[in-house]
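Welcome! Here are some short exercises to work through, each with a solution that goes step by step. Take a look at the sequence and the structure first.

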Amino acid sequence: MPGAPESIPPFVIGHSQDVESLCAGDATRLELRCLDRDPATELHRLSLKTGGLLPEEQNLLRASSGAHLVDQGPNLVLSISPKALAALAERSTLGRLLAQCTRASLRPNSAPWIMGIVNVTPDSFSDGGLWLDPAKAIQHGLQLVEEGANLLDIGGESTRPGAQAVSEADELQRVVAVIEGLAVRTKVPLSIDTTKTAVARAALDAGASWVNDISGGLQEDGMLPLVAERGAVFVAMHRQGNSATMQLDPAYGDCPQEVCEHLRERVGACLAAGIAPDKLILDPGIGFGKTLRHNLELMDRLRELRSLGAPILVGPSRKAFIQQLTGAAQGSDSKLSERLGGTAAAVSLCIDRGAQGFRVHDVRMMVEAAKIAHAITCPTTTA
């Protein structure tokens with residue numbers, strides 16, 4: 001088998017200590033999220049579960065100068081100054097946990113990375129059938145690298161709403177030859193987009209080094225142990241329901257909060273299985289069991305997911321929410337190109353909210369959009 005490419009680009013590796021701490025029992029008990037930071041006052045706002053704080057912890061926060069705790073029903077919202085946070089961190093476990101959460105939520109300084117999509121399927125919503133032939137799929141992947149993709153995501157089963165399940169044998173037949181062909185022709189990391197353990201194993205044998213699982217490791221018990229054993233990068237995504245049911249009637253009380261808590265649980269499961277903290281990436285699952293409003297809320301509140309401590313990958317490319325907002329065309333790949341402007345806007349604003357990676361069809365344009373957005377949001381790192 002060809003040698004595997006580097007397991008993870010250096011610009012992805014992030015907050016390993018924060019991930020371990022923020023998925024520990026205290027963070028789960030508190031359902032701790034960093035909501036935002038006021039640029040004018042520099043006050044951090046954090047959300048904590050009302051019933052999660054111990055009485056002595058509540059007393060500690062209420063007695064801290066520069067900290068203000070407000071009861072908002074199921075959650076407590078803490079506003080705290082950097083000075084008060086630093087003082088609290090010096091003398092309590094709670095303070096150290098709050099400080100780690102705020103650090104993790106900060107916008108990353110490193111340049112965003114672009115994951116190019118190689119769908120080896122007959123029925124994907126955007127480019128189904130275009131790259132079914134392995135030679136064409138390989139050439140398409142190489143073209144995406146030429147356009148600036150930092151890595152490639154190869155999938156053999158459509159996950160669009162209403163898609164039919166694919167057998168393990170069919171999925172293997174579609175993706176293995178493509179991964180083998182790409183592994184000897186490019187040095188960028190290769191990702192397998194699958195929920196099946198056997199497909200992930202064969203893909204890793206063929207040269208992949210990432211596993212992108214839309215079920216977050218929930219569909220098959222063997223997935224997380226396999227990823228841990230192979231030392232692969234794991235992308236854990238959130239979805240509500242499955243491909244057949246997820247868009248029938250998606251419902252949440254507070255979508256970003258529920259997605260955040262689901263991903264917190266998934267990170268804990270990954271760590272328990274032995275996956276290294278710096279090999280974890282989180283995906284909120286835009287369009288996977290979400291309405292238009294849910295998708296917009298998630299993208300606007302990505303900082304809350306960042307407070308879990310792992311890099312955030314977002315997949316807004318050509319998604320239906322763009323058509324719902326703009327009237328951009330539905331249908332063939334050529335018509336879906338009308339959603340490029342909406343995709344670029346989503347990529348740019350998600351960078352401002354802290355996203356670090358993007359799974360996209362149209363690599364060249366999204367590389368350009370990401371560079372400009374990063375230069376504007378982090379001028380000191382690009383000037």
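## The end of helix α9

Helix α9 is followed by G231, whose phi is positive, near 70°. Keep in mind that this is a predicted model.

**Exercise 1.** Find which residues of α9 are buried, and decide how they are arranged around the axis.

*Solution.*
- Step 1: Pick out the buried residues of α9, which are M223, L224, L226 and V227.
- Step 2: Look at their spread: they cover an arc of only 160° around the axis, so they sit on the same side of α9.
- Step 3: Recall a general point: an α-helix has 3.6 residues a turn, so residues three or four places apart point the same way.
- Step 4: Ask what these buried residues pack against; the partners are α8 (197-206), β8 (210-213), β9 (233-237) and α10.

**Exercise 2.** Describe how α9 packs with α10, beginning with the angle and the distance between their axes.

*Solution.*
- Step 1: Helix α9 spans residues 223-230 and helix α10 spans residues 255-273; they pack at an angle of about 55°, and their axes are 9 Å apart.
- Step 2: Classify the angle: it makes α9 oblique to α10, because angles from 65 to 115 degrees would count as roughly perpendicular and those under 35 as roughly parallel.
- Step 3: Give the handedness: the crossing of α9 past α10 is right-handed.
- Step 4: List the residues that meet: from α9 come L224, P225 and A228, and from α10 come R266, A269, C270 and A273.
- Step 5: Sort that contact by class, which gives six nonpolar, no polar and one charged residues.

**Exercise 3.** Is T102 buried or exposed, and which residues does T102 touch?

*Solution.*
- Step 1: Locate T102 in helix α5, residues 93-105.
- Step 2: Check the relative accessible area of T102, which is 4%, so T102 is buried; the cut-off for buried is under 20%.
- Step 3: Leave out residues up to four places away in sequence, and T102 touches C34, H44, L46 and L85.

**Exercise 4.** Work out where G73 lies and how accessible G73 is.

*Solution.*
- Step 1: Find G73 in the loop between β3 (67-72) and β4 (75-80).
- Step 2: The relative accessibility of G73 is 46%, so G73 counts as partly exposed.
- Step 3: Turn to T50, 23 residues from G73 along the chain: their C-alpha atoms are separated by 7.3 Å.

**Exercise 5.** How many helices and strands does the protein chain have?

*Solution.*
- Step 1: Count the elements: 17 helices and 12 strands.
- Step 2: Add the burial: of the 383 residues in the protein chain, 55% are buried.

Terms used:
Residues numbered from 1 in each chain as written. Predicted model: local features only at pLDDT ≥ 70, side-chain atom pairs only at ≥ 80, totals over all residues. Heavy atoms only, no water. Axes fitted to C-alpha atoms, helices over the stretch in contact; angles between N-to-C directions. Helix = DSSP H or I, 4+ residues; strand = E, 2+ residues; numbered from the N terminus. Left-handed = near helix turned anticlockwise from the far one by under 90°. Contact = heavy atoms within 4.5 Å. Nonpolar A, V, L, I, M, F, W, Y, C, P; charged D, E, K, R; others polar. Buried < 20%, exposed > 50% of the residue type's maximum accessible area, 1.4 Å probe, protein only. Arc of directions from axis to C-beta.
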